[in-house]
Amino acid sequence: MNFKIAGTAILCATALTACQTGGSYYRPLPAQPRVQTIEGTWADSNGLISTFQGGSFATRTTDTNQLLASGTYAQINDKLIEINLTSMVRNTTSKVNCALVTPSQLNCTSESGGQFSLTRRS
């Protein structure tokens, strides 16, 4: 009877030791995809510079640094960005939706249907 109890105790101790050492039983979790951020400086085909920083948005000219538009943005998910802006030139407010199609290209559509692209600047 003592041999039976001793054998069970050894078997349990061996099983616990195997669990504690990890060995081949350890499997790391899969890496989570990194969300691309739009923070930084972007340019359009006309040479205007747009800056996205901490939820604030601004578009300026490259020659005189004149502010043309400003507002806020929200990154809805890793591909969709919503911009609420005020045009200083037209004195209007509007919404623009942009899709991050590559880490360096934003394709945007204004609520009036106008389309434009922005390219990330380094």
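Q: Where is Asn 91 placed among the elements of the chain?
A: A good habit is to place a residue among the elements before looking at its details. In this predicted model, Asn 91 sits in the loop between S5 and S6.

Q: What is its backbone like, and is Asn 91 buried or exposed?
A: Let's take backbone and surface together. Asn 91 is not a glycine, yet its phi is positive, about 55°. Its relative accessible area is 68%, and because the cut-off for exposed is over 50%, Asn 91 counts as exposed.

Q: Which loop holds Asn 65, and what is its phi?
A: Asn 65 belongs to the loop between S3 and S4. It also has a positive phi, about 60°, without being a glycine. As for the surface, Asn 65 is partly exposed, at a relative accessible area of 47%.

Q: Let me step back to the fold. How many helices and strands are there in the chain, and in what order do they run?
A: The chain has one helix and eight strands. Reading from the N terminus, the order is α-β-β-β-β-β-β-β-β.

Q: How do I read burial and surface for the chain as a whole?
A: Two totals help here. Buried residues make up 21% of the 122 in the chain. The accessible surface is about 8900 Å², and 56% of that belongs to carbon and sulfur atoms.

Q: What share of the contacts joins residues 24 or more positions apart?
A: Here you count contacts with a separation of 6 or more, then ask how many span a long stretch of sequence. In this chain, residues 24 or more positions apart account for 23% of them.

Q: Which residues touch the most other members of the largest nonpolar core?
A: The general idea is that in soluble globular proteins, nonpolar side chains tend to be buried together. In this model the largest nonpolar core has 15 residues, and Ile 38, Phe 52, Ile 81, Ile 83 and Leu 106 touch the most other members. Two or more residues of this core come from each of S4, S5, S6 and S7.

Q: What is Ile 83 in contact with, beyond its neighbours in sequence?
A: Setting aside residues within four places, the partners of Ile 83 are Phe 52, Phe 57, Thr 72, Tyr 73, Ser 94, Lys 95, Val 96 and Cys 98.

Q: Can we compare that with a couple of residues in other strands?
A: Gladly. Ala 43 is found in strand S1, residues 40-43. Ala 43 is buried, because its relative accessible area of 14% falls under the 20% cut-off. Its contacts beyond four places in sequence include Leu 48, Ile 49 and Ser 117. Leu 106 is 63 residues from Ala 43 in sequence, and their C-alpha atoms are 9.9 Å apart.
Leu 67, in strand S4, is partly exposed at 28% relative accessibility. Beyond four places in sequence, Leu 67 touches Ala 58, Thr 59, Arg 60 and Met 88. From Leu 67 to Ser 87 is 20 residues in sequence and 9.0 Å between C-alpha atoms.

Q: What is the volume of the largest pocket, and which residues are closest to its centre?
A: For a pocket, start with volume and then turn to the lining. The largest pocket has a volume of about 680 Å³. It is lined by 25 residues, and the closest to its centre are Leu 48, Ala 69, Leu 85, Arg 90 and Phe 116.

Q: Which strands supply the lining of the largest pocket, and what classes of residue are in it?
A: S3, S4, S5, S6, S7 and S8 each supply at least two lining residues. S6 gives the largest share, four residues. By class, the lining has twelve nonpolar, ten polar and three charged residues.

Note on methods. Residues numbered from 1 in each chain as written. Predicted model: local features only at pLDDT ≥ 70, side-chain atom pairs only at ≥ 80, totals over all residues. Heavy atoms only, no water. 1 Å grid on protein atoms, 1.4 Å probe; cavity = no way out; pocket = protein on both sides within 12 Å on 5 of 7 lines; lining within 4 Å. Points joined across faces, edges and corners; volume = space filled by probe spheres on them. Nonpolar A, V, L, I, M, F, W, Y, C, P; charged D, E, K, R; others polar. Core = buried A, V, L, I, M, F, W, Y, C linked by side-chain atoms within 4.5 Å. Buried < 20%, exposed > 50% of the residue type's maximum accessible area, 1.4 Å probe, protein only. Contact = heavy atoms within 4.5 Å. Areas by Shrake-Rupley, 256 points an atom, 1.4 Å probe, with all protein chains shown as cover.
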